[in-house]
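Please work through the following exercises on charged side chains, taking each solution one step at a time.

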Amino acid sequence: MKSKILILSGAGLSAESGISTFRGTNGLWKNYNVMEVCSEAGFYNDRQKVLDFYDLRREDITDKVPNDAHYMIARVKEKYPDKVYVLTQNVDDLLEKAGCKNVVHLHGKLRELLCEDCTETFDIGYDPILKHKKCPACGSSLLRHNVVMFGEPAPEYETLYETLHETALLVVIGTSGRVLQINEFAHKTKYSILNNLEPDKAIKARLFTKVFYKKASSAAPVIESLVDQYVDNGYI
Ligand code: NAD
Ligand code: ZN
């Protein structure tokens, strides 16, 4: 029987912490053409521009702190460690800073570099890439950001699909559903909760059991008590 809780988050989760969303109009993104800095083709066209972009994004998250929604997710995971899976599209480290355990980053991590020769990944904190000349595993100097770009496979999607198979309650927070098939996931799940700032053409709200259009920090207490109710009442 499906009995797991999947908490799936996107850029909206970290918006109140001051990290710009993908489609928001402020911050880092407005100075860039997304396809130039976030696609495989853009990377091959101008490698340095993309590496510089990720240096800026890494620097940008240095002083950012989690908001109430990150802490809520960390608490729920701690309360039901074997029942709850925390998967995020975010590449920041705010769930970890909130103390959340076993976070799966579907699109990689800003704080990591990836060795293009041996695929080793390693944490560099908030450093610029230039400070790290060689792969600690194989010594290669062919290093890049460990963030999945458009056009590249996302290895952790395997984990997402496996988790969805076992999920009875899906909680979606702060994602526009343009990258992942959120509608399909909700359709296949018995109970589902959606929290975005506002309705979006890409998401069919009627497929969800509960919908909250408000800031993630304001929705967090309600979502937490709903999760408790689903568990306490034996629904999942
Ligand atoms: P998106 O920018 O496409 O959509 C953001 C969604 O969050 C929107 O639906 C919006 O209504 C909602 N939102 C905005 N502010 C909110 C708030 N305060 N509370 C609740 N909801 C809020 O983001 P996406 O769907 O995650 O896709 C963007 C892609 O870009 C992802 O693949 C992600 O990896 C990447 N990205 C990551 C970060 C990060 O790591 N923090 C930031 C920007 C982009
Ligand atoms: Zn290597």
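The exercises below concern salt bridges in this predicted model.

**Exercise 1.** Determine which parts of the chain are tied together by the salt bridge between glutamate 36 and lysine 49.

*Solution.* Begin with the contact itself: the side chains of glutamate 36 and lysine 49 meet with an N to O distance of 2.6 Å, which falls within the 4 Å cut-off for a salt bridge. Next, place the partners: glutamate 36 belongs to helix H2 (residues 34-37) and lysine 49 to helix H4 (residues 47-61), so the pair ties together parts that lie 13 residues apart in sequence. Finally, consider accessibility: glutamate 36 is partly exposed at 34%, and lysine 49 is also partly exposed, at 32%.

**Exercise 2.** Decide whether aspartate 228 is buried or exposed, and locate its salt-bridge partner, lysine 79.

*Solution.* The relative accessible area of aspartate 228 is 18%, and this residue is therefore buried, the limit being under 20%. Its carboxylate meets the side chain of lysine 79 at 3.0 Å, N to O. The pair links distant parts of the chain, with aspartate 228 in helix H9 (residues 216-232) and lysine 79 in helix H5 (residues 68-79), 149 residues apart. Lysine 79, for its part, is partly exposed at 39%. Through shared partners, salt bridges join Arg75, Lys79, Glu224 and Asp228 into one network.

**Exercise 3.** Find the salt-bridge partner of arginine 144 and classify the accessibility of arginine 144.

*Solution.* The partner is glutamate 152, with the closest N and O atoms 2.6 Å apart. Arginine 144 has a relative accessibility of 6% and so counts as buried. This pair is found in a structure for which a complete search gives 16 salt bridges.

Technical notes: Residues numbered from 1 in each chain as written. Chains lettered and ligands numbered in written order. Predicted model: local features only at pLDDT ≥ 70, side-chain atom pairs only at ≥ 80, totals over all residues. Heavy atoms only, no water. Helix = DSSP H or I, 4+ residues; strand = E, 2+ residues; numbered from the N terminus. Buried < 20%, exposed > 50% of the residue type's maximum accessible area, 1.4 Å probe, protein only.
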